[in-house]
Amino acid sequence: MEEKKYQASDFKSDQYVRWCPGCGDHAILNVLHKAMAELGVAPEKTAVISGIGCSSRLPYYMNTYGFHTIHGRAAAIATGFKVARPDMTVWQISGDGDGLAIGGNHFIHAVRRNIDLNMILLNNRIYGLTKGQYSPTSERGFVSKSSPYGTVEDPFHPAELAFGARGRFFARCIAVDGAASVEVLKAAAAHKGASVVEVLQNYVI
C-alpha cells in the first residue's frame, strides 16, 4: 500500500487565528503544520496539548486531537495522554511563563522521566496574554508592568533546566527562520524520548 503524502493544509483547522499581527506564534504555527506534513504522521494519530497563555491557543488551529488544559499543567496532561496512548504522537506547546513558572516542576519531571513527548517552549521572555509582566526568562533589569524599576531576578535558561533534568534532546530555533525551524521540529519528533525545542520569538505589542 502506498504511503499517504500529507500537505501542511491537512493539519490546519478552520478556526480564525487569534494572535496579534506580527506575533511569532503565527510563524511557529506554520512551521509546525509543515513539519507535521513532512513527518507523515496522520492527523488522527497526533495530539497537541497546551496550557494557558497566548501560545497555548495553538491546539485550536490544528486539525489533530488537541487539549487546551489549565495553567502550567500541559506537561502533566501530555504525559498522561502519552502513557495511555503510546501509539499517538504528542506535541506539547507552552510559553515561557506557562512552562517555566507555574509549570516548571512538571516540565523538569517530564524531561527527567524521558516521556516520549515533543515539547515546544515558545519563549518571548514576557507574559504576553496578561499584558506585559516579566517572565522566568526575562533578563535581569528588564522593565515591565510588574517590574517598573527593573527585575532583580536572574532568568532561567531552558537549556540548563533541560540538561539539569538529564534531558537527552534540546534544540533552539527562531520563529522567523522557517526552513531551519521545520528541520529542528522534525529532528525533535524523530527522537525517542523527551525532546525540548526552545523557540525564540518577538513580542510586538
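A residue is called buried when its relative accessible area is under 20%, exposed when that area is over 50%, and partly exposed in between. In the predicted model described here, Glu183 has a relative accessibility of 45% and therefore counts as partly exposed. The same scale is applied below to other residues, after an account of the sheet.

The strands of a sheet pair through backbone hydrogen bonds, and the pairing is either parallel or antiparallel. In this model, six strands form an open sheet in the order β2-β1-β3-β4-β8-β7, and the pairing is parallel. The edges are taken by β2 (65–68) and β7 (170–174); each has a single partner strand, so one side of each has no neighbour in the sheet. On average, neighbouring strands are turned by 20° against each other when direction is ignored. At one edge, β7 runs parallel to β8 (residues 195–200), and five bridges join the two strands. Within this pair, Phe170 has Val196 of β8 as its bridge partner. Helix α1 (residues 24–39) packs on the sheet, where it touches β1 (46–50), β3 (89–95), β4 (118–123) and β8. The direction of helix α1 makes about 170° with that of β3.

Helix α2 (74–84) lies before β3, with a loop between the two. The buried residues of α2 are Ala74, Ala75, Ala78, Thr79 and Lys82. Seen down the helix axis, these residues fall within an arc of 130°, so they line one face of α2. An α-helix has 3.6 residues a turn, so residues three or four places apart point the same way. The buried residues of α2 pack against the strands β1, β3 and β4 and against the helices α3 (96–102) and α4 (104–112). Val83 and Ala84, on the other side of α2, are exposed.

Helix α4 contains Val111. With a relative accessibility of 2%, Val111 counts as buried. Apart from its neighbours within four places in sequence, Val111 is in contact with Met119, Ala162, Ala165, Gly167, Ala194 and Val196. One of these, Val196, is also the bridge partner of Phe170 in β8. Val111 and Pro158 are 47 residues apart along the chain, and their C-alpha atoms are separated by 12 Å.

Ser138 is located in the loop between β6 (133–134) and α5 (158–164). Its relative accessibility is 2%, so Ser138 counts as buried. A polar atom of the Ser138 side chain lies 2.6 Å from the backbone oxygen of Arg125. The side chain of Ser138 also reaches the backbone nitrogen of Ser135, at 2.9 Å. Not counting residues up to four places away in sequence, Ser138 touches Arg125, Ile126 and Pro155. Arg125 thus appears both among these contacts and as the residue whose backbone oxygen lies 2.6 Å from the Ser138 side chain.

Eight salt bridges are found in the whole structure. One of them joins Glu38 and Lys186, with 2.7 Å between the closest N and O atoms. This pair links distant parts of the chain, as Glu38 is in helix α1 and Lys186 is in helix α6 (residues 178–190), 148 residues apart. Lys186 has a relative accessibility of 21% and so counts as partly exposed; the cut-off for a buried residue is under 20%. Lys186 forms a salt bridge with Glu183 as well, and here the closest N and O atoms are 3.4 Å apart. Both Lys186 and Glu183 lie in helix α6, three residues apart, which is about one turn of the helix. Through shared partners, these salt bridges join Glu38, Glu183 and Lys186 into one network.

A further salt bridge is formed by the side chains of Asp87 and Lys45, at 2.6 Å from N to O. This pair also links distant parts of the chain: Asp87 is in the loop between α2 and β3, Lys45 is in the loop between α1 and β1, and the two are 42 residues apart. Asp87 is partly exposed, with a relative accessible area of 37%. Lys45, at 31% relative accessibility, likewise counts as partly exposed.

Terms used: Residues are numbered from 1 along each chain as its sequence is written. This is a predicted model: local features need pLDDT of at least 70, side-chain atom pairs count only at pLDDT 80 or more; totals for chains, interfaces and linings use all residues. Side-chain values use heavy atoms; hydrogens and water are left out. Helices (H or I, at least four residues) and strands (E, at least two) are DSSP runs, numbered from the N terminus. Buried means under 20% relative accessible area, exposed over 50%, partly exposed in between (1.4 Å probe, protein chains only). A polar contact is a pair of N or O atoms within 3.5 Å; within protein, one must be able to donate a hydrogen and the other to accept it, and residues adjacent in sequence count only if both atoms are side-chain atoms. Contact means heavy atoms within 4.5 Å. Two strands pair if DSSP finds at least two bridges between them. Axes are lines fitted to C-alpha atoms, for helices over the stretch in contact, and angles run from 0 to 180 degrees between N-to-C directions. A salt bridge is a side-chain nitrogen of Lys or Arg within 4 Å of a carboxyl oxygen of Asp or Glu. The arc is that of the directions from the helix axis to the C-beta atoms.
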